[in-house]
Structure formats: C-alpha cells, structure tokens
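Open the model in your viewer and keep the selection box at hand. We will go from stop to stop, picking residues as we go.

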Amino acid sequence: MKLLLFQIFFFISLKVDSSLGSGFVIIAPKVFLVGSIENVCISLHNRATGSPISISLFHSATEDAITRVQSIVENPTSCIGISIPWTSEVEGRLRIQIAESGVVVTSEKRIIFSHQPLVTIISPDKPVYRPGDTVRFRILTLTHQLKVSKVQVKKVWIETPNGIVLEQWNGDSLRPEKSLIEIDFTLSEESLLGEWRIKVEYGSQFPVDERKISVKKYVLPKFEVNILQPNNILADADFISFQVCAKYIYGAIVQGEVRAEFSMIGETSHNNSSKVVMSKMLDSHSGCTNFNLSGGDLYLPDNRLQVDVVELTAIVIEKGSRMTEKASRSWKIYHTAVQLQFHCSQYFKPGLPYRGKLAAVPPDFPAVRAENLPIQICLRQEGAVQESDKLAVTVATHRVSCWNYSTDINGEIEFTLPPLLNSSSALILTAVSVEHKDKFYPGEHWNLRMVQPKAHQPLKAWFSPSQSYIDVSTVMPVACNKEYNFKAQYTVRNFSEATPTFTYMVESRGDLLQIGSYRPENELKILHKMAVGFPPARSFKLPLKITPSMSPESRVLVYYTRPDGEIVADSMIVLVDHCFPNKVSTRWSQYRLEPGSNVSLSIRAAPNSLCASNIIDSRSMGNNDAQYDLWERLRKFITEPLQDTSDYCFDGSSGNTGLTANIPPDWDLRRRKRSLLIPIVDAKTAFDNLGVIIITDLTLETKPCQNNVVNSTSENEIG
C-alpha cells in the first residue's frame, strides 16, 4: 500500500504549561475507506472538556471540502465518527481545529482514500466443471465489518480462457433475494477447456472482483487413493515408511494391489535421478499398505546425487474389476530438522525485562510439533561485528549471556530476559537447537548434509530523554467474547511517584474501535537484583474485552503523559481467533452413509443471521482456492505500520527541546571506534506501528537527531 509523507502545520500554537503535562492527543486513520464511517479519537490530559472541534477532509490541491464534522469534546477520551462519501480522489488532506479559551490550534495532514471497501464472495457450486455442465453460483457483498453491503451489483459476466465474454447479466436480473444474487448458466458441449472467470462490477469507482473456475474433461473416480505418510523426509533419515491407502467414496476399503514408483531427483539437475519400483497388496482390514525404505534405498547419503526431491506415484488396481486409480506426491528433502523463528519485538525498553517467543517449526508442522526440544538462547553484546544493511561496524570486544529452555507442547518457548541498560551498543539474540548438530556427507568435511538450526534477532534500543518506558504484552492468540488482562510494565523514578492515568486504544482492519482511560488500583513493584543503574518499575493488568470486530488481527496502544508533557507509549499486535458476530453451527444427521441413503443437515444461528449452504461432491472439489478464504481477504484492510516520515529531525524543532542535555551519559555522540550505529526509536514508533496519524501539542518525538549517533560498549549492559 502506498505510504505518503504526512506534514503537520500549526497555524496558531497553543502555549501549554508543561509542568502539568496539559495537552491533547488526536488519532486518525491514515487510510480513509470511502463509503464507510471512520473514527477520529481524542484524549485530553489535564485539560477541561467542552472544547469545540472541527474535522474536515479536503481535496488534495484545493479548498473544496469533501466532508466536515463539528462537535464538542465532552469526555476526556472519545471518538467522533465521520462519514466518508464516495469520491474519486486518491489523496486528500485532513484538517483538524480544536479551540479552548479563544485560542485555536489548526493542524493539517495528508491522507489517502481507499476505494476497496467491499468483500465480494462469489461462490460457485463447485470449482471444476465439464463441458455441458450447468454452472450455478451466488454473489454476496459484505463490508469490511462483515455486514451486508447496500452497494448494488451493476454487472456480472463470464469470460472464457481466451478473454471472450460469453454471458452477461445486469439490471433487474441482479436484484438480490435475501441479500444473495443467484445465477446459473449452461456450458456448451464444445466449451473451451481451461480457466474461466466470473467477474462482478459495482461501478466505475470500484475495482472488478472475480472468481476462477475450471472447465475440463474428467470422470468421477470410483475410489480414491491417498498417500498419507511420511509428512517429511530429512536428509539424514535412516528409514522412511510410505503409507498408501485406498477407499471408496462412501468410506468402504478397497481390496487390491499397489504398485509404487519412487523417483529420486538430485538438486543439481532433473536429469540426475534414480528410480525404485515396488509392489504390495492392500491390507484387507485397513485398506492401506506401507513401503519401508532405507535412506540408502533413496540415495540420501549419496553426495554425488544429493537428492533434493523424492516423488512417489502409487497405482491401485482394484481386485476383480482391475480398475485403476492413482495418486502422486512429492517431498522436498530437508537439511534442517526444525526451523527456529523469533516472534518478538526488535526493540527493547531499557530498564524493563525483555519478553519474547521462539517457535521451533518442523517441516511437517502443524501435523507434528517440536515438543521438549532443548534450545539455548543467547544475548550477544557487541561494539560491532560486520557490515549489515546500513549499519557501519568495526571489530570490538563482545559479551555473551545464555539461557537453556525446552519447547512446550506447541513447540514454542516464551522467554524473559533480564533488563538491559540503554548503554548497549549492538545486541543480537541467537537461538540454537542443542540436540541437532551439523552433519557432513560420508567421507566429507566440507559438504553439509544436515545444518544445525539457528535463528538471529537484532535488538534496538528505545529512547526516552527521561528514561521513561512502558511495555505491554498478553497471551496469544486470544479468543473472542472474552476479557483478557494485558500485562503492562513501566519505569518510575521512585516508588513514591504517583500512578499515572493510562490511555489505551484498539485498532483493527483500519478502524479505530475504541479508546479509553485506566488508572490501576493494584500495582506490583518490580525490583531488580542488579540495583545499580536500573530504575525501579511497576506492573499492572489492563483488562480488555476481545470482540469479533478485532479478528483476525488487532493492534493495542497504551500510553500516558508525564508531568513535563512527554508521552510514554507502547503498542503490540494481538492475534485473535477467527470469529463472527453471529454464532453459527452445522450438524449432519449421520456422518457415513451408503450411496442412495437420505441424510439431513441442521443449521443453527443467532437471530437475523443470513444462512446459505452449498453441498459439494468431494470428488469434484479439485484444488482448494486459498484466495477465497474470507479471513485472508480481510487482511487487505489491515494497515501497515507507518514509516517515520516526520520533519522532526529536519525542521529544527528538535533543537529547542533541550534533548541533548537529557541524553543519558552512556550515549557518547563523539565516539567512533568500537561502536555500532544504531537506529533510534521513541514513543512515536508506538503510534506508527498502528498505521495512524497523530496530532498532539504534547512531546511525542524525543530521539536525538545528530548524525551517526552511537553507544559506547559497557560491561553492565546485561543483568
């Protein structure tokens, strides 16, 4: 998605008593969805309510207003809905004016308009057809909130594989019945074979939606053959068992013979291959049989062939009729037993424990989980090691601290590292699987057959001139319609400091869903064993209700303002289980039947639910169309983190903040040797990660703007 440079213009500045931390924070979407209602949210801090506010959208180059809303800020935290009309504009300007005591603050930022507000479900009765078949399909148009859209379909047409329009519908033929449009047409016996397209148009201002169907000649199989095992093949495997099963469509097992052909293809050339042919009878009770081969049978130890892919073609010959069906499957040879993946922030908050997650993913995940796998996680502190991306580095001494863990039943490790000081130069997290070592091909010491699993995660320091930080986390994924306690930790100067009031915001699918304030009554004190250099900290639990509108992914922002006006903030991505506002369940009266038997399907749903079913013969399902997964289609509404494009370090505004005097002494701006140039982030990053626009008269951006800002290496970085 295209990102624009957002510019802010204060025409009348508002003088704020920074000793009271008085001010406002206004948050708006960076992408406005045409035809929808967008929220602009405001929080007041040590400021009285009742201020008039005006929110306007303008064309990008003129003063012609697209829409305008005027309101009164009646609560310390609230959101104002603004209806976005249909517009052909791609870019625009958001202008917000807020007044108090006769003084008006005007701020303007550039925004973009999205013209893809709809989720179109085109549902054919099956994905694969034969010439002469009747194609039946339905069209359902939803909003990004999964509600039936009022936008009318203007035209529907069918395109052949060579792009010719074969059928077209418009006008009254597209009038929906109970929100569904149902259409059918019959293919001719001479229909072109290949990929056809069903296309739906809502008007010139909308993109055209389409769904692909296949037309080919085929015969429905009498029975089906499945190759069930193995799930994966490792390059150092001693023995591999391949399981082939055959069942009739209605569930009965097949009696007969299996002929299996194994092809081993080397990674250097597809012509560099070997074959193994075997034959066995199906088991009369299970309808399955196993082919057990050694690694040598598959040429896995052969360093000349270096097998990259194993292919199996299994032909089942039915006893008596001699009818045949076949199945094929291929396996990539893996040279790593598991893949280690860090799922954690690339930033650490100085003085606070660092929390993260490591996943050990085997090749056959999720069928198999890497449970009880010994993992060593190390934190490496370096002045510099190598040139990476845009970081200039030089050789320096380093220090390593390591911790040992074992994966849980899901193959994951949730770890917490001791607090780190903001004097750290270059910090790199590494993880290694202890029980998997590098292994070479027989007789060689340079050509790796198996590679020890490893993962790396560089860490970047968060900056605050007052050394104030907050960190928010929760368990994931979270379930809908339940309340969760989000754990928050924040640094304080001393434990006698008053507890601040925290503001939280929830964003999902580009919508600002809610904003509120919370002042914890019960807090825990965090005392560090290494007291020298580490500030005290507190922790509390922030309760949040998870709603269906937060699925499949949300972002939660938590922040507070210090008495001097500095904003202290953190944000996190929350993975939410797939759920709908209306609960729906289905149940068959029986799960296995003989051909010709009767069966019933029961559907239960919440009141006012739109229910539609489609029953497909599994033999004609073909390949699943992953692009039509509803939740994947909703991901187009998830906004990407906003890149830092502010003028903070270029307009001179940072020079009047006195930040240089507040930079911790360990931030040595003159040192060049034994150092690593580290990108620095501050509270603004927490807002940028939500992909939102922020307007405030408080102190949000605080990071040093000198070029080549570096940290010196210290012996006290790791506690």
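Select Phe223 first. In this predicted model, Phe223 is buried, with a relative accessible area of 1%. The cut-off matters here: a residue counts as buried because its relative accessible area is under 20%. Now add Tyr248. Tyr248 is buried too, at a relative accessible area of 14%.

Show both side chains. How do the rings of Phe223 and Tyr248 meet? They form an edge-to-face aromatic pair, 6.0 Å centre to centre, with 80 degrees between the planes. Colour the strands next. Phe223 belongs to strand E17 (residues 223-229), and Tyr248 belongs to strand E19 (residues 239-248). The two residues are 25 residues apart, so the pair links distant parts of the chain.Move on to Phe502 and Tyr560. Their aromatic pair is edge-to-face as well: 5.3 Å centre to centre, with 70 degrees between the planes. Phe502 is buried, and Tyr560 is buried. Phe502 lies in strand E37 and Tyr560 in strand E41, so this pair ties together parts that are 58 residues apart in sequence.

Widen the selection around these rings. Which residues join Phe502 and Tyr560 in a cluster? Add Tyr490, Tyr518 and Phe540: ring pairs link them with Phe502 and Tyr560. Across the model, the count comes to 21 aromatic pairs.

Hide the side chains and show the backbone of E37 and E41. Strand E37 (residues 502-508) and strand E41 (residues 553-561) run antiparallel. Six bridges join them. To find one of these, select Met505: its bridge partner in E41 is Leu557.

Now bring in the rest of the sheet. It is an open sheet of four strands, in the order E38-E37-E41-E42, with antiparallel pairing. Which strands stand at the edges? They are E38 (511-518) and E42 (567-575). Each has a single partner strand, so one side of each is left without a neighbour in the sheet. Look along the sheet: neighbouring strands are turned by 15 degrees against each other on average, direction ignored. Strands of a sheet pair through backbone hydrogen bonds, so switch on their display here.

Two last stops pair a charge with a ring. Select Lys155 and Trp157. The charged end of Lys155 sits over the ring of Trp157, 4.8 Å from its centre. Then select Lys349 and Trp462. Lys349 lies over the face of Trp462, at 4.3 Å from the ring centre.

How values were computed: Residues numbered from 1 in each chain as written. Heavy atoms only, no water. Pairing = 2+ DSSP bridges. Axes fitted to C-alpha atoms, helices over the stretch in contact; angles between N-to-C directions. Phe/Tyr/Trp six-rings, centres within 6.5 Å; stacked < 30°, edge-to-face > 60°. Buried < 20%, exposed > 50% of the residue type's maximum accessible area, 1.4 Å probe, protein only. Lys NZ or Arg CZ within 6 Å of the ring centre and 35° of its normal.
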